[in-house]
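User: Hi, I have a structure open and would like some help reading it. Could you take me through it step by step?

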Amino acid sequence: MWLFPGNRSHASDHPITPKVIYQACKRAARRAGLPNDVHPHTLRHCFATHLLEGGADLRTIQMLLGHRDLEETTLYLHLSRRHLNATASPLDSLKLKDESPQDQ
């Protein structure tokens, strides 16, 4: 049995076609008032970006997307400013001694 069977009875021996997915994506984007350049790949990209921003590691995202190489996943994702700004620098966690005027 397919996750997305290719007929209305939900018991088809064949999956839905890429064309059906494309048309459903276009129709949903139009109903949501999104730009016309929304494609199924756009949803895939958004899914991966939301996973990353939600704390998922790249290896998990790689597995979910079916990428063979982790480099594919890193090139695929674009981090949001919010995610980048929320990332702490390891330098911020250093314990530094206060300098006294005599040490200068």
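Analyst: Gladly, and please keep in mind that this is a predicted model. A good place to begin is a pair of helices: α2, which covers residues 40–53, packs with α3, which covers residues 58–65, at an angle of about 155°, and their axes are 10 Å apart.

User: What does that angle say about how α2 and α3 run relative to each other?

Analyst: Angles over 145 degrees count as roughly antiparallel, and α2 and α3 are therefore described as roughly antiparallel to each other.

User: And is the crossing of the two left-handed or right-handed?

Analyst: The crossing of α2 and α3 is right-handed.

User: Which residues meet there?

Analyst: From α2 the residues are Arg-44, Phe-47, Ala-48, Leu-51 and Leu-52, and on the side of α3 they meet Leu-58, Ile-61, Leu-64 and Leu-65. Sorted by class, this contact of α2 with α3 holds eight nonpolar residues and one charged residue, with no polar ones.

User: Let me pick Ile-61 from that list. Is Ile-61 buried or exposed?

Analyst: Ile-61, which sits in helix α3, has a relative accessible area of 0% and is therefore buried, since the cut-off for buried is under 20%. Its C-alpha lies 6.4 Å from the C-alpha of Ala-48, although Ile-61 and Ala-48 are 13 residues apart in sequence.

User: What about Gln-62, how accessible is that one?

Analyst: Gln-62 is also found in helix α3, and because its relative accessibility is 4%, Gln-62 counts as buried. Leaving aside residues up to four places away in sequence, Gln-62 touches His-67, Arg-68, Asp-69, Leu-70 and Thr-73.

User: Changing topic, where is Asn-36, and is it buried or exposed?

Analyst: Asn-36 lies in the loop between α1 (18–32) and α2. Its relative accessibility is 67%, so Asn-36 counts as exposed, the cut-off for that being over 50%.

User: How far is Asn-36 from Lys-26?

Analyst: Measuring from C-alpha to C-alpha in the model, Asn-36 and Lys-26 are 7.3 Å apart in space, while 10 residues separate their positions in sequence.

User: Okay, zooming out, how many helices and strands are in the chain?

Analyst: The chain has five helices and zero strands, and reading along the sequence gives the pattern α-α-α-α-α.

User: And how much of the chain is buried?

Analyst: Of the 104 residues in the chain, 15% are buried. The accessible surface of the chain comes to about 9100 Å², and carbon and sulfur atoms account for 57% of that surface.

User: Last one: what share of the contacts join residues at least 24 apart?

Analyst: If you take the contacts between residues at least 6 apart in sequence, 22% of them join residues at least 24 apart.

Definitions and conventions. Residues numbered from 1 in each chain as written. Predicted model: local features only at pLDDT ≥ 70, side-chain atom pairs only at ≥ 80, totals over all residues. Heavy atoms only, no water. Axes fitted to C-alpha atoms, helices over the stretch in contact; angles between N-to-C directions. Helix = DSSP H or I, 4+ residues; strand = E, 2+ residues; numbered from the N terminus. Parallel < 35°, antiparallel > 145°, perpendicular 65-115°, else oblique. Left-handed = near helix turned anticlockwise from the far one by under 90°. Contact = heavy atoms within 4.5 Å. Nonpolar A, V, L, I, M, F, W, Y, C, P; charged D, E, K, R; others polar. Buried < 20%, exposed > 50% of the residue type's maximum accessible area, 1.4 Å probe, protein only. Areas by Shrake-Rupley, 256 points an atom, 1.4 Å probe, with all protein chains shown as cover.
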